[in-house]
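Please look over the sequence and the model below before reading on. The paragraphs that follow begin with charged side chains and then widen to the surface and the chain as a whole.

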Amino acid sequence: MPVLFVGWTLNFEMAFYVCFALSLLAPVRARPLLLSVMIVGGMLAAMAFGNGVITFYANTLVLEFLAGCAIAWFLLSETAKQIMPRVPVWPVALLGIAGFALTSEGVGDGLGRHILYGVPAALLVFAVASHDLYRKPFAKSLLQALGDRSYSAYLLHPIILSILAVFVFEYLGTGILGVSVMLIGGVGLTLLVSDITYKFLELPANKWLRACFGIAGPSTPVTARPD
């Protein structure tokens with residue numbers, strides 16, 4: 001576990017990126033199978049033989065990365081290109097939301113938990129990704145701006161909330177006033193600081209790193225729904 005505890009997710013992400021990069025060395029048709037073998041095999045090996053740091057990667061959460069790969073593989077296939085522009089995706093999104101609403105917090109941990117949460121998450125990702133690829137894109141909005149800054153907010157919010165709590169609870173207590181100020185102030189400060197770090201740290205750092213490695217900026221292919 002890293003010092004900044006929310007960074008635990010990044011450890012899974014980096015491991016996935018390594019496996020994904022290695023799979024690109026294989027022929028195109030073999031890549032999904034190779035990636036699946038590396039992820040599932042690595043998880044099973046960590047379960048059976050791991051100790052210390054290695055046991056971290058025995059978490060069945062890694063299977064959700066494969067779910068994302070399966071969604072991408074299907075949505076970029078010729079079959080999807082033929083049928084998805086004509087198929088409504090909002091029912092899939094509603095199923096995902098319903099799945100989260102019906103899932104109990106008392107499901108414990110392990111594979112069962114990741115199935116109960118992973119399946120609704122996969123449905124939502126499928127619906128949103130389908131919309132991005134096969135529908136007219138949404139206009140620029142506040143939600144999109146918040147999404148752009150979500151990574152900065154994710155990393156910074158524990159620090160901001162910890163510092164704010166020292167002052168708020170010290171002077172206002174832990175009653176309804178203190179909790180209310182903590183909630184409003186925490187969200188507001190997180191948004192403000194995230195906006196600053198996104199504009200002046202995250203974007204310039206990404207631009208500089210891409211320039212160093214000669215990587216073009218990100219782009220999203222959009223196939224608008226036929227009228």
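**Charged pairs, surface and overall fold**

In this predicted model, the side chains of Asp 195 and Arg 149 come together in a salt bridge, with N to O at 2.6 Å. This pair ties together distant parts of the chain, since Asp 195 sits in helix α9 whereas Arg 149 lies in the loop between α7 (142-148) and α8, the two being 46 residues apart. How is each partner placed with respect to the surface, buried or partly exposed? Arg 149 has a relative accessible area of 17% and is therefore buried, as the limit for that class is under 20%. Asp 195, at 21% relative accessibility, counts as partly exposed.

Asp 195 has a further partner, for it also forms a salt bridge with Lys 199, in which the closest N and O atoms are 3.4 Å apart. Here the sequence itself helps to explain the pairing, because Asp 195 and Lys 199 are 4 residues apart in helix α9 and are thus separated by about one helical turn. Lys 199 counts as partly exposed, at 42% relative accessibility. Taken together, Arg 149, Asp 195 and Lys 199 are linked in a network of salt bridges. As a general point, side chains of opposite charge can pair when their charged atoms come close.

How many salt bridges does a search of the whole structure find? The search finds 3, and one of them joins the side chains of Glu 78 and Lys 81, with N to O at 3.5 Å. Glu 78 and Lys 81 both belong to helix α4 (residues 78-83), where, being 3 residues apart, they are separated by about one helical turn. Glu 78 counts as exposed, because its relative accessibility is 55% and the class begins over 50%. Lys 81, with a relative accessible area of 40%, is partly exposed.

For the chain as a whole, the charged side chains number 13 positive and 11 negative, and the centres of these two sets lie 13 Å apart.

The surface also carries a nonpolar patch, made up of Leu 4, Ile 159, Ile 163, Val 166, Phe 167, Tyr 171, Leu 172, Ile 176, Leu 177 and Val 181, which together have about 1000 Å² of accessible area. Two elements, α8 (150-172) and α9 (176-213), give two or more residues each to this patch, and α8 gives the most, with 6 residues. One member that can be followed individually is Leu 172, which is found in helix α8 and is partly exposed, with a relative accessible area of 38%. That value fits its place in the patch, because patch residues need over 30% relative accessible area.

Stepping back to the whole chain, the secondary structure comes to 9 helices and 0 strands, so that reading along the sequence gives the pattern α-α-α-α-α-α-α-α-α. The C-alpha trace spans about 60 × 55 × 45 Å along its principal axes. Of the 227 residues, 26% count as buried, and the accessible surface comes to about 15300 Å², with 74% of it belonging to carbon and sulfur atoms. Among contacts between residues at least 6 apart in sequence, 65% join residues at least 24 apart. The salt bridge of Asp 195 with Arg 149 likewise links distant parts of the chain, the two residues being 46 apart.

Technical notes: Residues are numbered from 1 along each chain as its sequence is written. This is a predicted model: local features need pLDDT of at least 70, side-chain atom pairs count only at pLDDT 80 or more; totals for chains, interfaces and linings use all residues. Side-chain values use heavy atoms; hydrogens and water are left out. Patches are made of residues with over 30% relative accessible area and no salt bridge: like charges are joined within 9 Å, nonpolar side chains (Val, Leu, Ile, Met, Phe, Trp, Tyr) within 5 Å. Accessible areas come from the Shrake-Rupley method with a 1.4 Å probe; for residues, only the protein chains shown count as cover. A salt bridge is a side-chain nitrogen of Lys or Arg within 4 Å of a carboxyl oxygen of Asp or Glu. Buried means under 20% relative accessible area, exposed over 50%, partly exposed in between (1.4 Å probe, protein chains only). Contact means heavy atoms within 4.5 Å. Lys and Arg count as positive and Asp and Glu as negative; His and the chain ends are not counted. The place of a charge is taken as NZ of Lys, CZ of Arg, CG of Asp or CD of Glu.
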